[in-house]
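Here is a friendly note for a colleague who is opening this structure for the first time. Keep the viewer open and go through the points in order.

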Amino acid sequence: MKDLLRYLKEYKTECVLAPLFKMLEAIFELFVPLVVASIIDKGIGGGDRAYIVKCCGIMITLGIVGLISAVSAQYMAAKAAVGFATGLRSDLFKHIMSLSHKNIDESGTSTMITRMTADVNQAQTGVNMFLRLFLRSPFIVFGAMIMAFTIDANAALIFVAVIAVLFIVVGLTMRFNIPMLKRVQGRLDKITLLTRENLMGARVIRAFTMEEKERDDFEKTNDGLLMEQRLAGHLSAMLNPMTFVLINAAVIVLIYIGALKVETGILTKGQVVALYNYMSQILVELIKLANLIVLLNKAIASGDRINDLFRIEPDIKDTYREEGQPGDPGNEDEGFIRFEHVSLKYSDTGDEALSDIDLSVKRGETIGIIGGTGSGKSSVVNLIPRFYDATHGKVIVDGLDVKGQDIKALRARIGMVPQKAVLFKGTIAENLRWGNEDANEDELAEAVRMAVCTDVVDAKGGFDGMIEQNGRNLSGGQRQRLTIARALVRKPEILILDDSASALDFATDLKLRRNIAQTDHKMTVFIVSQRTSAVQNADKIMVLDDGCVVGLGTHEDLLKDCPVYKEIYDSNT
Amino acid sequence: MEKKTARKETINRIMSYIMRYKFCGAMSILCAVINVVSTLYVPILIGRAIDCIAYGSLDRGRLMSILVRAALSTIIAALSLWCMNESNNKLTYSIVRDVRNEAFCKLHVLPFEYLDSHPAGGILSRVIADADQFADGLLMGFSQLFTGVMTILITLGFMLMMNPLITLIVVFVTPLSLFVARFISKHTYDMFTVQSGIRGEQTELIDEMIGNEKIVKTFSYEEKAVKRFDEINGRLQSASLKALFFSSLTNPGTRFVNSVVYAFVALSGAFAVVTGGMSVGLLTSFLSYANQYTKPFNEISGVLTELQNAFACAGRVFELIDENEEKSDADLPVMMIDTSCDANAADKGHAAKNSGSVRCDGVCFSYDKEKKLIEDLNIDVKPGEHVAIVGPTGCGKTTMINLLMRFYDIDKGSITVDGRDIRRVTRKSLRHLYGMVLQDTWLRHGTIRDNIKMGRDIPDEEMIRAAKEVHSHSFIRRLKNGYDTVIGEEGGSLSQGQKQLLCITRIMLSLPPMLILDEATSSIDTRTEMKIQDAFLKMMEGRTSFIVAHRLSTVRNADLILVMKTGNIIEQGTHDELLAGRGFYYELYNSQFV
């Protein structure tokens with residue numbers, strides 16, 4: 001949480017003024033018992049009605065001044081808290097956007113979304129309440145104690161003792177309560193997981209007729225949650241009665257000692273009443289403080305979670321160096337895109353996903369990549385736009401190592417159609433313009449024609465047709481064709497189709513490949529597939545098995561020399 | 001009106017839950033009464049004690065007896081408060097547990113019409129978040145609403161006993177506080193609506209951009225996303241500031257009214273003392289009441305909002321619990337199929353050849369009753385036959401599975417298994433007959449072992465043998481902890497193909513008499529698929545099997561091929577017959593090899 005306080009920097013004034021105004025309000029409140037004391041001693045004692053009226057006037061004035069300072073404090077606190085959350089949210093979003101594919105794989109998107117929403121809100125509430133109450137409550141507590149000292153040092157010692165004991169009680173409760181609350185949260189997470197799994201797997205669970213077992217599991221977990229909740233509840237159920245007893249015990253002692261002192265003339269009756277009133281103020285304030293601490297704990301937990309996310313270093317950084325421009329003449333003799341002894345590990349401990357890949361591709365060539373599940377096909381193409389960094393070896397695009405290139409410029413030359421066909425909420429045109437912001441309608445139409453999805457666009461009412469979130473209102477095949485069109489809008493130099501025709505029927509798939517082959521601007525095309533029919537017309541086909549290249553050549557060559565390819569081919573027909 | 005009765009119903013419903021824990025509820029109320037009375041009695045005693053105090057003439061005996069009574073009162077108040085807290089905790093948490101259990105059980109009896117048409121997130125938030133909010137609200141309601149009202153009433157009673165005139169002053173000034181609170185909350189409501197609208201917009205963007213961040217990166221859309229985000233964020237900032245500031249005015253506002261009340265009580269009280277109408281001690285008691293008296297008002301208005309929210313949440317959970325269930329089949333007989341396909345026979349890979357016939361007679365079905373889908377479907381599958389279902393996307397192949405497994409009920413006609421209408425037997429026993437591998441693989445958080453065994457009591461050796469047979473053993477072995485490797489939700493780090501292999505292994509272990517394979521091999525590469533093919537064939541031998549696949553190679557050996565288009569079976573027959581017919585199948589088949 002501490003690290004996040006930098007977002008309050010801009011609001012230094014507010015952060016100082018808010019508690020200060022709150023303190024002012026508290027001071028005015030602390031004067032009230034003194035005024036009451038003098039009403040009793042001077043007004044009532046002397047039968048002076050004018051004095052009583054004056055005193056009550058003072059009380060109302062104190063109230064008004066208190067109100068004004070409180071309102072200013074609330075405004076400052078709100079401004080600082082909202083500003084804090086806004087800055088934090090913006091930076092967090094930027095940070096998440098800078099993470100690499102590998103980072104995303106590791107953290108999981110649903111976690112990141114929760115951090116962005118629920119946790120930031122929690123932190124905002126925490127800051128707001130902190131600024132409002134954290135100075136006020138201790139100030140009232142200690143202020144009441146100090147005021148007690150001004151009345152009578154001896155009696156004030158009771159205040160010191162009570163406050164010390166209270167702090168110990170509250171502190172201990174918190175200490176034991178926080179781990180308990182964490183365990184409750186853990187159980188709740190488990191409940192969430194079970195529920196989600198049962199929703200997602202409803203068909204499988206019913207097919208396996210596992211309903212009863214699932215129910216038992218859930219009930220057991222649910223009982224566990226109840227147990228943890230009650231365990232945590234025992235402690236908090238004790239807190240209020242304990243503080244109540246403590247304060248009242250102190251009041252009783254106070255009255256007794258006060259009575260003795262009044263008898264001997266050391267104190268006045270009004271002063272005893274004032275002491276009693278101060279004690280009551282402490283009680284009220286303590287209850288607020290306890291609530292605040294619970295809230296703050298939640299906020300700190302949220303802050304820590306947010307910080308964990310901030311701590312993730314994007315492992316791919318733009319390390320663009322001016323080492324010559326891509327596209328220098330002479331580069332292309334050795335190939336437009338080259339892999340030199342490339343290997344890739346997704347995690348430090350895991351096996352290699354790719355081992356020692358060598359490949360050279362000329363501009364305008366079409367490369368097929370084929371192989372079994374988990375053979376590393378997608379990994380190969382993900383290295384070209386530098387979604388992952390090669391663990392060993394070099395990936396060279398247009399004569400330069402991708403690690404030395406400006407990432408944005410590099411990716412701008414590539415049109416990628418990922419495996420998972422995702423579209424965004426908005427019009428079809430807006431979705432297509434992800435490929436190229438400045439594309440005009442003719443260019444969009446051309447891309448749509450090439451991707452064989454003119455019918456999809458027409459069915460949705462043209463380019464202004466709305467697409468719902470995640471493209472819900474389209475079928476899998478329709479989505480896939482639109483994602484292909486989106487990549488083509490860019491008129492990319494390099495087009496990567498990562499197994500992106502899997503939901504298309506054979507006829508459409510064929511038409512699409514023909515359109516791409518016939519286009520007039522020359523693209524270097526990578527086609528990742530599991531079907532030999534999709535790659536057999538490629539200039540070169542790379543056959544992968546378990547992360548290694550086991551064949552490289554044309555369809556005919558491979559049928560002759562590469563047993564793996566032959567096997568795939570046979571299984572396809 | 002309708003809304004009101006709905007709320008009333010919800011409240012009645014909650015009451016019926018509370019009645020399950022009568023003892024706790026009664027304890028809670030009893031303790032609350034004791035607590036309020038004894039708590040409020042303390043200031044009176046203190047006031048009397050103060051009246052004992054006087055310069056030079058202290059009645060120690062009387063003072064001591066009053067203070068002892070105050071101490072006793074304090075202890076009783078504390079004990080009853082503790083007891084009340086405990087009862088409330090038990091009551092609310094138990095109720096929520098019950099509600100949650102019921103909601104969860106509901107998930108297993110909801111018809112798929114409901115599950116398929118409602119996003120999982122919405123249902124999830126009912127079971128989790130709504131139930132939680134309900135618990136919080138209920139707890140707050142129990143611990144604060146009742147005691148709050150009690151405190152106000154008893155305070156008023158005590159005050160009336162002490163001095164009716166000053167009490168009247170208090171009663172007249174109090175509404176001011178309520179008015180201030182009402183005024184503020186009315187105005188902040190609109191601001192909160194604006195805020196939550198913008199917040200929703202922002203969440204949607206976050207959801208899209210972070211949920212699909214890989215795509216965002218692919219198109220270097222990051223900066224634009226940030227720009228869009230910051231624009232919304234700016235709007236959110238100003239809306240939030242307004243909402244937060246105005247809502248936070250409630251406390252200072254009511255506190256101010258409070259201090260006005262306090263001043264008036266002090267004024268009138270002091271006058272009364274001067275004229276001899278009351279004692280200083282009584283005035284002290286009065287003042288401390290005046291301090292406490294307005295507090296419950298603030299709390300109650302807060303609690304009421306909270307309670308309203310809790311009722312709304314409870315209503316949503318109840319709505320889920322009350323959702324129409326699948327028609328009960330408890331009184332129907334269990335579907336038995338020839339006993340020769342029990343576990344032993346299944347092990348050998350041979351099922352009874354004379355059972356597992358499936359007939360569809362004039363079946364009509366559609367999801368949306370306005371749009372026709374399957375109409376007058378007739379098929380006749382003999383025991384042990386392999387049926388392949390092919391056709392372009394969206395042609396209704398998955399619908400067939402929904403009907404065969406009775407995830408959905410047909411509208412007209414009949415489906416029979418071994419001559420028995422599947423609507424006349426329990427769903428469970430029907431589903432027991434099928435082994436199913438779905439297009440969307442489903443794996444849960446847990447070890448690979450748990451995911452394969454699915455709670456069935458199966459020795460490890462058998463599991464490993466099955467895994468070897470479908471070629472999943474080799475990749476499982478290579479995982480960090482082999483079969484004990486914990487995989488995340490929805491399979492986590494496994495590739496789509498690996499996930500499907502696991503699902504196939506799962507079925508391989510049970511081998512029911514009939515199989516349904518829904519594009520089970522669509523993202524397993526063809527080489528692995530070929531290896532699996534052997535295992536599949538062995539598994540399918542003698543078993544009635546339905547296979548949905550894109551790849552025509554996998555269906556060529558089927559005994560019967562159903563070619564579907566827009567919900568109807570337009571052709572059926574063997575591979576050779578269909579090719580000879582030169583129809584849609586012919587076209588589909590050839591497009592693969594052009």
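The points below go from chain A to chain B and end with the contact between them.

1. A word on the model. Please keep in mind that this is a predicted model. Every value in this note was computed from it.

2. Chain A as a whole. Chain A has 573 residues, of which 48% count as buried. Its secondary structure comes to 19 helices and 12 strands. If you look at the contacts in chain A with a separation of 6 or more, 77% of them join residues 24 or more positions apart.

3. A helix pair in chain A. A good place to start is helix α5 (residues 136-151) of chain A, whose axis comes within 8 Å of that of helix α9 (residues 269-311) of chain A. How do the two run relative to each other? Their axes cross at roughly 165 degrees, and angles over 145 count as roughly antiparallel, so α5(A) and α9(A) are roughly antiparallel. The crossing of α5(A) with α9(A) is left-handed.

4. What sits between these helices. On the α5(A) side, the residues that meet α9(A) include A:Ile140, A:Val141, A:Ala144 and A:Ile151. From α9(A), the residues in this contact include A:Leu275, A:Tyr278, A:Ile282 and A:Leu289, with A:Glu285 and A:Lys288 also among them. By class, the contact of α5(A) with α9(A) has 12 nonpolar, three polar and two charged residues.

5. A sheet in chain A. Next, find the open sheet of four strands in chain A, with the order β2-β1-β4-β5 and antiparallel pairing. Its edges are β2 (352-361) and β5 (400-401) of chain A; each has a single partner strand, so one side of each is left without a neighbour in the sheet. Inside the order, strand β1 (residues 337-345) and strand β4 (residues 392-397) of chain A pair in the antiparallel sense over five bridges. To see this pairing up close, look at A:Glu340, which stands opposite A:Lys394 in β4(A).

6. A sheet in chain B. In chain B, six strands form an open sheet with mixed pairing, in the order β6-β9-β10-β3-β11-β12. The edge strands, β6 (434-437) and β12 (568-573) of chain B, each pair on one side only. On average, neighbouring strands of this sheet are turned by 15 degrees against each other, direction ignored.

7. Strand β11 of chain B and its partners. Is β11(B) mostly covered or mostly open? Five of its six residues are buried, so to speak of it as mostly covered is fair. Four bridges join β11(B) to β3(B), and these two strands run parallel; B:Ala388 has B:Ile561 as its bridge partner in β11(B). Strand β11 (residues 560-565) of chain B also pairs with β12(B), in the antiparallel sense and over five bridges. Two places to check there are B:Met564, opposite B:Ile569, and B:Leu562, whose bridge partner is B:Gln572.

8. A helix across that sheet. Helix α12 (residues 397-404) of chain B lies across β3 (386-390), β9 (514-518), β10 (544-548) and β11 of chain B. Relative to β9(B), α12(B) runs at about 150 degrees.

9. Where the chains meet. The contact takes 124 residues from chain A and 123 residues from chain B. Helix α3 (residues 60-107) of chain B gives the most to its chain's side, with 22 residues. The residues of that side divide into 67 nonpolar, 35 polar and 21 charged.

Methods
Residues numbered from 1 in each chain as written. Chains lettered and ligands numbered in written order. Predicted model: local features only at pLDDT ≥ 70, side-chain atom pairs only at ≥ 80, totals over all residues. Contact = placed C-beta atoms within 7 Å. Nonpolar A, V, L, I, M, F, W, Y, C, P; charged D, E, K, R; others polar. Buried ≥ 20, exposed ≤ 12 C-beta atoms within 10 Å, placed from the backbone. Axes fitted to C-alpha atoms, helices over the stretch in contact; angles between N-to-C directions. Parallel < 35°, antiparallel > 145°, perpendicular 65-115°, else oblique. Left-handed = near helix turned anticlockwise from the far one by under 90°. Pairing = 2+ DSSP bridges.
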